[in-house]
Amino acid sequence: MAPPDQDAIRRYYSTLYKEWGAQHWWPAETQFEVIVGAYLTQNTAWTNVERALANLRAAGILSVEGIRNIRRAKLERLIRSSGYFRQKAQRLKTFAAFLDEQYEGSLQQMFSQPTAQLREQLLGLNGVGPETADSILLFAGNHPVFVVDAYTRRILERHEILPGKIDYEEIRELFQRALAPVVKRQEEKPDDLTVPPAKGARGASHPPSAMSTAKRTALVQVYNEMHGLIVGVGKNFCGKSRPKCDGCPLQRFLPERM
């Protein structure tokens, strides 16, 4: 197999960002809301997660203390819309216990740990795979790790950059290498991060939130935006069974058009 095309990934970033602008990921007001959302979004649509988060918010328990103290049966009822609610309730309880035992209940202490060390700890928790761990690290903790999801794999496979069954870590490392020059340009010209999008579709963008507008390094911001832009392609065009290539900003990069 030929080496992966890192230039293509950079072209995708540039094309999508010019078209859609900032995606404002992750849509949340607090770090803990991001973490809860990362658990709840497993194997379900984000609209289902939003309903569960709204229930938790209305009940006044969208916090470490709230998850720690609520009875599991009640927590299950509140997050039922997210699916697999029994497993997810237990996993949230497990995370709260981990935070208490390892970091005195402090997210600040937790996120001050070295990225590799904290990633290993998160991966050791029940129900936390690489995508969930990296979502927590990147979107809640501003740690520089790229998040790989099913949309990422699908686009890479259809554009013949990598086969669909490639290892998660290999994809993550590919994106981190490919985006390094983009990060360097952003560091030199930080105003480029605020370029307004073209008219029309906005990808997977959300309204600005406290977390999406928080101060970040250029490295973290580029990883954040790239993930959001890929989700925009997946949600609007690159469906699992029926891709809608017409109108997709990446259509011209498909192999048959090269």
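These legends accompany several views of a predicted model of one protein chain.

**View 1. The whole chain, an all-helix fold.**
Welcome to the overall picture: the protein chain has 13 helices and 0 strands. If you follow the sequence from start to end, the pattern reads α-α-α-α-α-α-α-α-α-α-α-α-α. The C-alpha trace spans about 55 × 40 × 40 Å along its principal axes. How does the radius of gyration fit a compact globule? For 258 residues, such a globule would come near 18 Å, and the protein chain has 18 Å, so the two agree.

**View 2. Inside and outside of the protein chain.**
Here the interest is in what is covered and what is not. Of the 258 residues, 51% count as buried. Among contacts with a separation of 6 or more, 69% join residues that are 24 or more positions apart. On the outside, the protein chain exposes about 12600 Å², and 49% of that area is supplied by carbon and sulfur atoms. Charged side chains come to 35 positive and 28 negative, with the centres of the two sets 7 Å apart.

**View 3. Helix H12, with a buried side and an exposed side.**
This close-up takes in residues 180–188, which form helix H12. Which residues of H12 are buried? They are Val182, Val183 and Gln186. These three cover an arc of only 100° around the axis, which means that they sit on the same side of H12. A handy reminder is that an α-helix has 3.6 residues a turn, so residues three or four places apart point the same way. Turn to the other side of H12 and you will find Lys184, Glu187 and Glu188, which are exposed. The cover over the buried residues of H12 includes helix H1 (6–20) and helix H13 (218–236).

**View 4. Ile35 and its surroundings in helix H2.**
Our last stop is a single side chain: Ile35, in helix H2 (residues 31–40). Is Ile35 buried or exposed? Its relative accessibility is 0%, so Ile35 counts as buried. Leaving aside residues up to four places away in sequence, Ile35 touches Phe95, Leu107, Met110, Phe111, Ile136 and Ala140. Gly141 is also worth finding in this view: Ile35 and Gly141 are 106 residues apart in sequence, yet their C-alpha atoms are 9.4 Å apart in space.

Definitions and conventions. Residues are numbered from 1 along each chain as its sequence is written. This is a predicted model: local features need pLDDT of at least 70, side-chain atom pairs count only at pLDDT 80 or more; totals for chains, interfaces and linings use all residues. Side-chain values use heavy atoms; hydrogens and water are left out. Helices (H or I, at least four residues) and strands (E, at least two) are DSSP runs, numbered from the N terminus. The radius of gyration is taken over C-alpha atoms; the globule rule is 2.2 Å times the number of residues to the power 0.38. Buried means under 20% relative accessible area, exposed over 50%, partly exposed in between (1.4 Å probe, protein chains only). Contact means heavy atoms within 4.5 Å. Accessible areas come from the Shrake-Rupley method with a 1.4 Å probe; for residues, only the protein chains shown count as cover. Lys and Arg count as positive and Asp and Glu as negative; His and the chain ends are not counted. The place of a charge is taken as NZ of Lys, CZ of Arg, CG of Asp or CD of Glu. The arc is that of the directions from the helix axis to the C-beta atoms.
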